[in-house]
Amino acid sequence: MSSDHVRSAGRPANGTGAPAGPADVTSGVTADGAEAPFLELLARGASAEAYEQPVLLARAEGRPDAWIAALDHAKALALRVRAELEGRRRREAELSALFETAHDLAGLRDLDSVLQAIVQRARSLLGTDVAYLTLHDRDRGDTYMRVTEGSVAARFQQLRLGMGEGLGGLVAQTARPYVTDDYFKDPRFQHTGTIDTGVRDEGLVAILGVPLVLGSHVIGVLFAADRRERHFEREQIALLGSFGALAAAALDSANLLTETRSALAGLEKASEIIRDRSAVIERASDVHDRLAELVLRGGGVHDVASAVSEVLDGTVEFTEAGAVPAEALEASRADGHAVRHGDDWVAAVAAVGELLGALVLRGHPALDPVDQRTLERAAMVTSLLLLARRSAAEAEQRVRGELLDDLLDGRDRDPRLLRERASRLRADLDSPQVVLAARLDVPAADADQEADARRRLWSAASHLAATRQGLAAARDGGTVLLLPLGRGDTATEVARRTARHLGTAVHEAVTVGASAPVEDLAAHPDGVAAAYAEARRCLEALRLLGRSGDGAAAEDFGFLGLLLAGDRDIAGFVDRTMGRVVAYDERRGTDLVHTLDAYFACGMSPARTKDALHVHVNTVAQRLERVGRLLGDDWQTPARALEIQLALRLHRLSAPAQH
């Protein structure tokens with residue numbers, strides 16, 4: 001304050017030169033004198049401390065008590081005016097922020113932007129370090145972070161609060177504001193490790209939370225928080241509550257907008273239905289024609305479902321009987337009409353008392369009688385298609401079985417007729433084929449169960465044959481298959497794949513024996529019977545060896561395969577066992593075969609072998625090392641050694657016939 005101000009503040013203002021009396025304190029003299037410096041301070045927006053200066057100067061100058069009392073009175077009035085002005089400015093800023101937020105709501109386009117603005121303004125006006133908003137998750141029954149402002153901790157931004165957990169959970173549960181000066185020291189809240197860790201990572205201490213309420217439901221919580229102890233005033237709590245109300249209104253507006261759009265779409269659809277009502281009978285007739293066309297051109301069950309879906313403007317699915325609520329399915333079958341189940345409609349697909357499945361119209365509770373009849377008619381068409389498909393499949397299975405039976409029994413010897421019959425079944429008798437004998441290895445409790453197990457095996461084998469362009473027939477208590485041999489495949493691989501496939505289909509262990517590949521069966525149909533006999537021998541060998549559920553061919557049994565194979569393929573056995581050694585001798589002019597023969601004749605002793613061959617022992621070792629590289633490191637194991645010795649003898653016995 002200037003010296004003039006000090007003098008004016010200390011000088012009596014009654015014009016007489018005498019000190020003003022008590023009566024002068026409230027007179028116009030006081031207004032012209034004692035209040036003047038404070039009015040200037042108010043005009044300048046001075047701090048509260050500056051208002052003490054006029055009183056202090058008056059006392060320092062020894063002014064009369066009445067004058068000092070007048071100054072004190074003027075100071076008190078000025079401070080009240082100053083507080084009122086600051087409050088009005090603050091309320092003006094708050095009202096301005098609330099008005100801007102309300103303006104944002106009026107032109108709501110982006111809910112995220114509005115919520116972000118609410119949180120930002122709440123943080124700014126309350127002067128807090130952090131502000132954030134959580135929303136209720138109906139599916140999980142807790143609340144999650146929707147918007148944060150001023151947050152720096154990722155874990156805090158990902159927090160979820162259960163009902164009653166932490167300050168926010170308590171606000172959401174009670175629908176009342178809660179405030180704490182020091183969160184971690186406040187026992188009113190249910191502290192959890194997850195929430196406390198997130199709050200501690202953010203460094204928050206003082207927290208204020210207010211509920212976001214729509215009607216009687218709390219949909220979220222708006223928070224303002226500081227990283228130090230702080231006492232939140234009633235006005236601040238009320239201000240945050242106002243922002244919370246606006247946030248709730250924003251969410252409600254967004255929900256209403258979504259519902260309005262949905263309602264408009266529903267009204268538009270209803271309008272379309274009303275416009276189409278006059279042509280509903282014609283549409284039903286059109287459905288009948290489309291279903292008839294589907295049947296005539298060989299359409300399937302899913303084609304019918306797709307056509308009805310389009311007509312009924314919904315999703316129609318064909319479902320197996322076990323996947324449909326039993327009560328609704330049985331009611332539909334007994335009544336002969338589609339029945340409603342929840343928001344769905346169920347129409348049983350049945351024929352001759354047998355349930356084949358159901359057509360289910362999803363999520364379409366309001367179905368008029370004409371559309372209901374359309375669904376029922378589609379179910380009837382579906383049952384006819386299923387019966388036709390079953391009859392066709394059974395007929396094809398019989399035809400495939402009859403052709404294979406004829407090949408096995410040799411009843412039809414005309415190659416041209418055999419090829420024609422096979423061609424109609426998409427089978428090729430001239431390509432390499434494998435004959436497979438399959439049998440279940442689980443003993444049945446009685447004859448009926450055994451017969452049922454055989455039927456299931458035959459059905460699975462028939463389906464496999466149809467998909468692989470082969471043939472299948474029931475025979476000798478099991479099933480016989482004729483399957484094409486793919487390029488790069490072996491009989492063993494086909495047998496093992498078939499065992500796995502049939503075992504999976506019937507849920508039991510199925511053992512499969514395979515023949516060696518056969519070709520040109522149309523010209524030589526008797527080869528099928530011989531191949532089947534070989535496959536059965538392999539099947540019996542697997543069962544005797546305890547390899548139930550496996551698949552194998554004669555080539556898998558080593559020299560035993562000579563006994564199992566129908567053609568006694570000696571040359572093939574010798575070639576598989578030691579063919580690489582024979583070929584090496586022929587190319588290089590060496591005598592490894594003779595060395596092997598002598599080695600086994602000498603009890604696998606290199607020392608005695610070198611005497612028999614009249615060579616150095618190192619020469620024997622080198623030759624045997626070469627044999628090992630050709631036959632594999634396990635060639636001297638007992639099993640391999642036995643097969644090699646048998647192959648050597650067969651090779652020696654067959655040598656004269658080859659000259």
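Okay, let's start with the overall layout. This protein has 24 helices and 15 strands. Keep in mind that the model is predicted. Of its 659 residues, 42% count as buried. Now take the contacts with a separation of 6 or more. Residues 24 or more positions apart account for 61% of them.

On to the cores. The largest nonpolar core has 28 residues. Which residues touch the most other members? They are L115, I118, L133, L212, L222, L240 and L251. Several elements give two or more residues to this core: helices α6 (111-126) and α10 (234-276), plus strands β1 (130-137), β5 (206-214) and β6 (217-226). The largest share comes from α10, with nine residues. There is also a second, separate core of 24 residues, and it includes L436, A453, A514 and A553. As background, nonpolar side chains tend to be buried together in soluble globular proteins.

Let me zoom in on L212. I'm leaving aside its neighbours within four places in sequence. L212 is then in contact with L133 and L135. It also contacts the run H217, V218, I219, G220, V221 and L222. Finally, it reaches G244, A247, A248 and L251.

Next, L204. Where does it sit? L204 is in the loop between α9 (193-202) and β5. Is it buried or exposed? Buried: its relative accessible area is 1%, and the cut-off for buried is under 20%. Not counting residues up to four places away in sequence, L204 touches V130, Y132, F156, F184, V199, A225, D226 and R227. Look at D129 as well. L204 and D129 are 75 residues apart along the chain, yet their C-alpha atoms are separated by 8.6 Å.

Now helix α16, residues 447-467. Does the length agree or disagree with what we expect? It has 21 residues, and at 1.5 Å a residue it should span 30 Å. The end C-alpha atoms are 30 Å apart, so the two agree. The buried residues of α16 are A453, L457, A460, A461, S462, L464 and A465. A453 comes up again here, since the second core includes it. Just after α16, Q469 takes a positive phi of about 60 degrees.

Last stop, the helices around α23, residues 617-631. Two packed helices are described by the angle between their axes and the distance between the axes. Start with α21, residues 592-601. The axes of α21 and α23 come within 10 Å and cross at roughly 105 degrees. Angles of 65 to 115 degrees count as roughly perpendicular, so that is what this pair is. On the α21 side we have L592, T595, L596 and Y599. They meet R623, L624, R626, V627, L630 and L631 in α23. By class, that contact has seven nonpolar residues, one polar and two charged.

Then α22, residues 606-613. α22 and α23 pack at about 105 degrees, with axes 8 Å apart. These two are therefore roughly perpendicular to each other as well. P606, T609, K610 and L613 in α22 meet V617, V620 and R623 in α23. The classes here are four nonpolar, one polar and two charged. Note that R623 appears in the contact with α21 and in the contact with α22.

One residue to finish: L624, in helix α23. L624 counts as buried, at 11% relative accessibility. Leaving aside neighbours within four places in sequence, L624 is in contact with Y599 and W635. L624 and Y599 are 25 residues apart in sequence and 8.8 Å apart in space, C-alpha to C-alpha.

How values were computed: Residues numbered from 1 in each chain as written. Predicted model: local features only at pLDDT ≥ 70, side-chain atom pairs only at ≥ 80, totals over all residues. Heavy atoms only, no water. Helix = DSSP H or I, 4+ residues; strand = E, 2+ residues; numbered from the N terminus. Expected span 1.5 Å × (residues − 1). Buried < 20%, exposed > 50% of the residue type's maximum accessible area, 1.4 Å probe, protein only. Core = buried A, V, L, I, M, F, W, Y, C linked by side-chain atoms within 4.5 Å. Contact = heavy atoms within 4.5 Å. Axes fitted to C-alpha atoms, helices over the stretch in contact; angles between N-to-C directions. Parallel < 35°, antiparallel > 145°, perpendicular 65-115°, else oblique. Nonpolar A, V, L, I, M, F, W, Y, C, P; charged D, E, K, R; others polar.
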